[in-house]
Amino acid sequence: MNEQIVARHWLALIAPKAAPALATSTVLILARIWNANGAEHSVGNAVLMTALSLAAAAAGACASVGRAGDPVIAGTAFAASGGLALAGVAGYADGLSLPLLLWVLATAITYGLAARYWRQDRRTRVSYERHVSERREEHAHIERVETIRGTTQIEVARTGAAYAEQLAAALTARAMLPGFDPAALETAGLPELPTGERKSA
């Protein structure tokens with residue numbers, strides 16, 4: 001059984017691992033640009049970002065504790081809440097030390113949450129690959145057994161046909177020998193050969 005080999009590009013392998021750091025870094029950079037454009041010590045901007053962050057957190061809480069809680073929506077809402085909080089602090093703060101500290105914390109938390117899903121995804125992928133491998137081995141075993149059985153049946157049929165041809169040739173050759181007497185074979189207890197006279201009688 002031939003397997004198709006697909007080589008994934010190295011960017012496709014690295015992108016999921018780099019996504020959390022890229023997301024938090026993008027929020028930090030945009031917040032510092034916002035800080036440079038007048039958000040520093042702006043109470044209105046701070047209140048706005050706080051309200052948006054609390055609203056996103058409340059939406060995530062509602063999505064997670066609802067009857068049909070959707071973990072994807074809840075995770076997205078909590079991520080938005082954290083991003084808005086980071087953006088608000090980074091945009092309002094004077095220096096760069098507090099925004100960098102929050103960026104490190106947000107990146108670490110994001111990687112901690114993502115690692116759980118990566119582990120689950122890896123377990124699912126390994127389980128699927130193991131299941132496919134077992135099915136493939138089972139089918140290969142059945143195919144080998146059927147091949148052996150078919151080859152054996154062909155060999156048995158071929159051997160039987162060759163034996164029948166040899167027996168027919170031997171009987172024909174024996175019947176043509178001079179002095180051949182079928183009655184002598186019957187007297188000796190050997191199997192009686194059919195003759196044309198006996199068949200016509």
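I take helices to be DSSP runs of H or I with at least four residues, numbered from the N terminus, and I keep to that numbering throughout these entries on a predicted model.

Entry on the fold. I looked up the secondary structure and found six helices and zero strands in the protein chain, so that the order of elements from the N terminus reads α-α-α-α-α-α under the run lengths that count as helix or strand. I then checked burial, and of the 201 residues in the protein chain 13% are buried.

Entry on the largest pocket. I noted a space of about 750 Å³ for the largest pocket, and its lining draws two or more residues from each of helix H1 (10-39), helix H3 (71-92) and helix H4 (97-175). Which element gives the largest share of this lining? I found that H3 does, with 12 residues. The lining has 25 residues in total, and those that lie nearest the centre of the pocket are Gly75, Phe78, Ala79, Thr110 and Leu113. Sorting the lining by character, I counted 19 nonpolar residues, five polar ones and one charged one.

Entry on the surface. I looked for nonpolar patches and recorded one of about 480 Å², made by Leu98, Leu101, Leu105, Ile109 and Leu113. Leu113 thus appears in my notes twice, as a member of this patch and as one of the residues nearest the centre of the largest pocket. I also followed up Leu98, which has its place in helix H4. Is Leu98 buried, partly exposed or exposed? Its relative accessible area is 41%, and because partly exposed covers the range between 20% and 50%, I entered Leu98 as partly exposed.

Conventions: Residues numbered from 1 in each chain as written. Predicted model: local features only at pLDDT ≥ 70, side-chain atom pairs only at ≥ 80, totals over all residues. Heavy atoms only, no water. 1 Å grid on protein atoms, 1.4 Å probe; cavity = no way out; pocket = protein on both sides within 12 Å on 5 of 7 lines; lining within 4 Å. Points joined across faces, edges and corners; volume = space filled by probe spheres on them. Nonpolar A, V, L, I, M, F, W, Y, C, P; charged D, E, K, R; others polar. Patch = residues over 30% accessible without salt bridge, like charges linked within 9 Å, V, L, I, M, F, W, Y side chains within 5 Å. Areas by Shrake-Rupley, 256 points an atom, 1.4 Å probe, with all protein chains shown as cover. Salt bridge = Lys/Arg side-chain N within 4 Å of Asp/Glu carboxyl O. Buried < 20%, exposed > 50% of the residue type's maximum accessible area, 1.4 Å probe, protein only.
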